[in-house]
Amino acid sequence: MPPLVWDTRLARYADLYARQRRQDCLLKHSNGPYGENIFWGSGDGWNPAHAAAAWVAERRWYTYGSNSCNGQECGHYTQIIWKDSRRIGCAKVTCFQGRGVFMICNYDPPGNYIGEKPY
């Protein structure tokens with residue numbers, strides 16, 4: 001797969017949504033027009049590499065032949081490697097009242113279509 005290219009439009013979209021989550025830091029998707037991965041970490045010290053590593057770690061659950069997650073969560077992983085996604089934009093906010101950090105990455109074109117393999 002070709003590498004994803006940073007897209008400022010997607011980063012702005014991610015930033016606007018992340019700011020909305022600062023109050024509660026809920027792991028709630030924006031339901032926007034892009035593919036999306038979200039992450040929450042308790043306390044300080046979380047960075048984008050931690051979020052990406054958590055999403056990629058879901059690889060252990062994914063089986064290409066059956067295009068399944070073996071009863072586990074692996075949709076973050078498949079979004080990162082989705083064959084048609086070309087652009088990415090991300091944002092991070094510190095949650096209010098010491099609730100940790102919220103991070104989001106958006107992908108365009110989106111992926112994770114039911115019944116389709118990521119590559």
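The legends below describe close-up views of a predicted model.

**View 1. The span that UniProt annotates as a domain.** In an unreviewed UniProt entry, the feature "domain: SCP" is placed at residues 1-115. Within the predicted model, 25% of this span is helix and 22% is strand, and the C-alpha atoms at its two ends lie 19 Å apart.

**View 2. The largest nonpolar core.** This core is made up of 10 residues, namely Ala-14, Tyr-17, Ala-18, Cys-25, Ile-38, Ala-91, Val-93, Cys-95, Phe-102 and Ile-104. Two or more of these residues are given by each of the elements α1 (8-20), β3 (87-94) and β4 (101-108), and the largest share, 3 residues, comes from α1.

**View 3. The surroundings of Tyr-17, and a separate core.** Once its neighbours within four places in sequence are left aside, Tyr-17 is in contact with Phe-102 and Ile-104, as well as with Lys-28, His-29 and Ser-30. Apart from the core that contains Tyr-17 lies another, of 8 residues, which includes Phe-39, Trp-55, Ile-88 and Tyr-107.

**View 4. The largest pocket and its lining.** The space in this pocket comes to about 160 Å³, and 13 residues line the pocket, with Asn-67, Thr-78, Asn-112, Tyr-113 and Glu-116 lying nearest its centre. By residue class, the lining divides into 7 nonpolar residues, 5 polar residues and 1 charged residue.

Definitions and conventions. Residues numbered from 1 in each chain as written. Predicted model: local features only at pLDDT ≥ 70, side-chain atom pairs only at ≥ 80, totals over all residues. Heavy atoms only, no water. 1 Å grid on protein atoms, 1.4 Å probe; cavity = no way out; pocket = protein on both sides within 12 Å on 5 of 7 lines; lining within 4 Å. Points joined across faces, edges and corners; volume = space filled by probe spheres on them. Nonpolar A, V, L, I, M, F, W, Y, C, P; charged D, E, K, R; others polar. Core = buried A, V, L, I, M, F, W, Y, C linked by side-chain atoms within 4.5 Å. Buried < 20%, exposed > 50% of the residue type's maximum accessible area, 1.4 Å probe, protein only. Helix = DSSP H or I, 4+ residues; strand = E, 2+ residues; numbered from the N terminus. Contact = heavy atoms within 4.5 Å. UniProt positions renumbered as here; feature names shortened; annotations may be inferred.
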